Amino acid sequence: MLQGFNKACVEECSLLGAPASGGLRAQAYAQMGDWKAAKKAMEEPRVLQWTCEHVGMTFPMLVDLGARQSSGEIDVLNLMGGASIMQHVVVPEDMGPLRFESSKLERKELPGRGLGVVAKADIALGELLIAARPIELIRPGDPDWQYQADMAYLEEVLTRRLLHRCMDCDASCIEEVFSLFDGQGHGARWAPHAWRSDDFALPMPQGAASAELYARLRGVVKHNAHRWPGKHPSSSLPAPGLGLWLWPPMINHALESDGRPNCAHVFVGDVMLFRATAPIRAGEEVLDRYSTPLADHFEFTLHTLAAHGMRDPVYEATAASWQALQEGFHGAPPPQLPAEKKPLAETLAAIERKVTWSNGVHSVVLPEYEALRDRYKASKSDSLAPPEVRALNLLCVLGFKFEGRAAALEWRSELARRLGLARPMHFAQVKLWAELLERFEHLKGSLSSKEEKLLEEVDSDVSKCAAFWTLGRASMETSAGEWKQSFVDWARGSGYSYEWFSTVSLEEFAKQPSEL
Ligand SMILES: C[S@@+](CC[C@H](N)C(=O)[O-])C[C@H]1O[C@@H](n2cnc3c(N)ncnc32)[C@H](O)[C@@H]1O
């Protein structure tokens, strides 16, 4: 009974006498994630008492919390605190079912893209769009997870877990999973079995254990699963998990021709949160971007697109232009790129060749660093291409070597600024600012005047990120101490570490003061 609920079962429950009818419907709706309907059923005469006796004393409270959360009443800062306590593995269960999809969103058929999410009414910058716990999540350290397993392996494991749930007749899981795109054309969605009301006695879906069921599940996983930034429980080293959520993968990918994505997401423990990063007009499509803005090779993004069966001609042309420049293209720069990028591409390519040959940055000399620095500064723009990410990562290490820690702090801040322009409020940006703040806190008392100034910027950007992600606003009204601890602990502790700056020890870093 516990996992057999679906819409047909709700109809069956209605045939019973009160208050059992209301109580079972409340339970069924709760199982299906429809917390508002569950609450309505709970309000029928004598149902509250019936559920306390037959389901549990805490059930009415859970339904009440679920209903409030599904109306958007979600205290994000509190969730971040909860996730930090749980080592970012999960948001504690007693914090509620956390299932919210803004009533301003609808799923619509879109030419050439299958289904997508479209705004039904105007959405303001910062509005919460989605909060969701996973349907299924593979975490590092789980018995079926493997150290250094690649994505194909994790996809396989996730598929097998979903298959088991289908075979166990987890009706709501089956309905949710097969409402997602399975990669086999954008027509009507496939279902293992059309559920009927006479299926009330936990039906075994037709087609269960068939090769078709497995292949469809594999397709759903391939096209909809999200990488989850986990850590290995014993080593605490970053290690990816893989999960399937319901609403998050309904959002399509913003191609370059669509402009910047208008939403962004973060993981708070196992919960995915989406907010609008720009005002979205009624009728406009809500778009995320599936690739990371920190991709340091075009191939990463091209691979992500290919895995989804998509092409992005503008991105491909940009990639080809940069590659032509880096491979020593002579003559005018290819049309996709401004002329100032050419010297940067050439200097970067020369330094990278040297670093590869000599197996490290130790062979790079000061004039090379200066050339890269000046050429980067002369070529700044609002976008952030993979070679620019690589240039900024190199400048950070080389800046530390030649100019000291203040230069490294400045280059890392520059990466965060560029990220903010390219993909506002992306988690990578939040993470970089929070990590910078940690370095500054460790250096407190020994900061140069330049570093003090940079700290002000970092502090202000961390608070902007916090205001956005916790409240959906541009600034915090509460005093600094109230939010900082929870937000910064969450941002530092979750997600992956990134490049040299994340790994150099605080002590080694502090030993390289400079007068920059
Ligand atoms: C996670 S699903 C997104 C929802 C999906 N469109 C649906 O019908 O349920 C990813 C798939 O949607 C399609 N898709 C997403 N963004 C697209 C875009 N910008 N252009 C074309 N197809 C897109 C691709 O087939 C991709 O594999």
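# Notebook: burial, sheets and helices in a predicted model

I began with Met 32, which counts as buried because its relative accessibility is 14%, and the cut-off for that word is under 20%. I note here that the model I am reading is a predicted one. Met 32 is found in helix H2, which covers residues 20-32. I then looked up its separation from Lys 104, which lies 72 residues away along the chain, and found 21 Å between the two C-alpha atoms.

**Domains.** I took the domain assignment next, and it divides the chain into domain 1 (7-69), domain 2 (76-288), domain 3 (294-403) and domain 4 (415-516). For domain 1 and domain 4 I looked up the distance between centres, taken over C-alpha atoms, and it is 45 Å.

**The four-stranded sheet.** I followed the strand order S1-S4-S10-S9 and found an open sheet of 4 strands with antiparallel pairing. Strand S1 (100-101) and strand S9 (263-268) are the edge strands, and each has a single partner strand, so one side of each lacks a neighbour in the sheet. At the S1 edge, 2 bridges link S1 to strand S4 (residues 128-132) in the antiparallel sense, and Phe 100 has Ala 131 in S4 as its bridge partner.

At the other edge I asked how many residues of S9 are buried. The count is 6 of 6, so S9 is largely enclosed by the rest of the structure. In a regular strand, side chains alternate between the two faces of the sheet. I therefore read S9 face by face, and both faces are covered, with Cys 263, His 265 and Phe 267 buried on one side and Ala 264, Val 266 and Val 268 buried on the other. S9 and S10 run antiparallel and are joined by 6 bridges, with Val 268 standing opposite Val 271 in S10. The hairpin of S9 and S10 has 2 residues between the strands, and Gly 269 there takes a positive phi near 60 degrees. Helix H17 (residues 449-471) lies across S9 and strand S10 (271-276), and I noted its angle to S10 as about 105 degrees.

**Cores.** Val 268 came up again when I turned to the nonpolar cores, since the largest of them, with 81 residues, has Val 268, Leu 273, Trp 469, Phe 487 and Trp 490 as the residues with the most contacts inside it. Helix H16 (residues 427-443) supplies the largest share of this core, 10 residues. Which residues does Val 268 contact once its neighbours within four places in sequence are left aside? I listed Leu 79, Met 80, Ala 83, Val 91, Leu 273 and Trp 490. A second, separate core has 42 residues, among them Leu 105, Trp 228, Cys 263 and Phe 274.

**The three-stranded sheet.** The order S5-S7-S6 describes an open sheet of 3 strands, again with antiparallel pairing. Strand S5 (136-138) and strand S6 (226-231) stand at its edges with a single partner strand each, so one side of each is without a neighbour in the sheet. Neighbouring strands of this sheet are turned by 30 degrees against each other on average, with direction ignored. S6 pairs with strand S7 (residues 238-244) over 6 bridges in the antiparallel sense, and I picked out Gly 230, whose bridge partner in S7 is Ala 239. Helix H7 (residues 151-167) lies across S5, S6 and S7, and it runs at about 40 degrees to S7.

**Another hairpin.** I also looked up strand S2 (residues 105-110) and strand S3 (residues 114-119), which pair over 6 bridges in the antiparallel sense. Leu 110 has Gly 114 in S3 as its bridge partner. These two strands form a hairpin with 3 residues between them, and Gly 112 in the turn has a positive phi of about 80 degrees.

**Helices H12 and H15.** For helix H12 (residues 341-358) I checked length against expectation: at 1.5 Å a residue its 18 residues should span 26 Å, and the end C-alpha atoms are indeed 26 Å apart. Its buried residues include Lys 341, Lys 342, Leu 344 and Ile 351, and their cover includes helix H11 (313-326), helix H13 (366-378), helix H14 (386-403) and H15. Just after H12, Asn 359 takes a positive phi of about 60 degrees. Helix H15 (residues 405-422) passes the length check as well, since 26 Å is expected for its 18 residues and 26 Å separates its end C-alpha atoms. I closed the entry with the burial of H15, which is mostly covered, with 15 of its 18 residues buried.

Methods. Residues numbered from 1 in each chain as written. Predicted model: local features only at pLDDT ≥ 70, side-chain atom pairs only at ≥ 80, totals over all residues. Heavy atoms only, no water. Domains from an automatic or database assignment. Expected span 1.5 Å × (residues − 1). Buried < 20%, exposed > 50% of the residue type's maximum accessible area, 1.4 Å probe, protein only. Pairing = 2+ DSSP bridges. Axes fitted to C-alpha atoms, helices over the stretch in contact; angles between N-to-C directions. Contact = heavy atoms within 4.5 Å. Core = buried A, V, L, I, M, F, W, Y, C linked by side-chain atoms within 4.5 Å.
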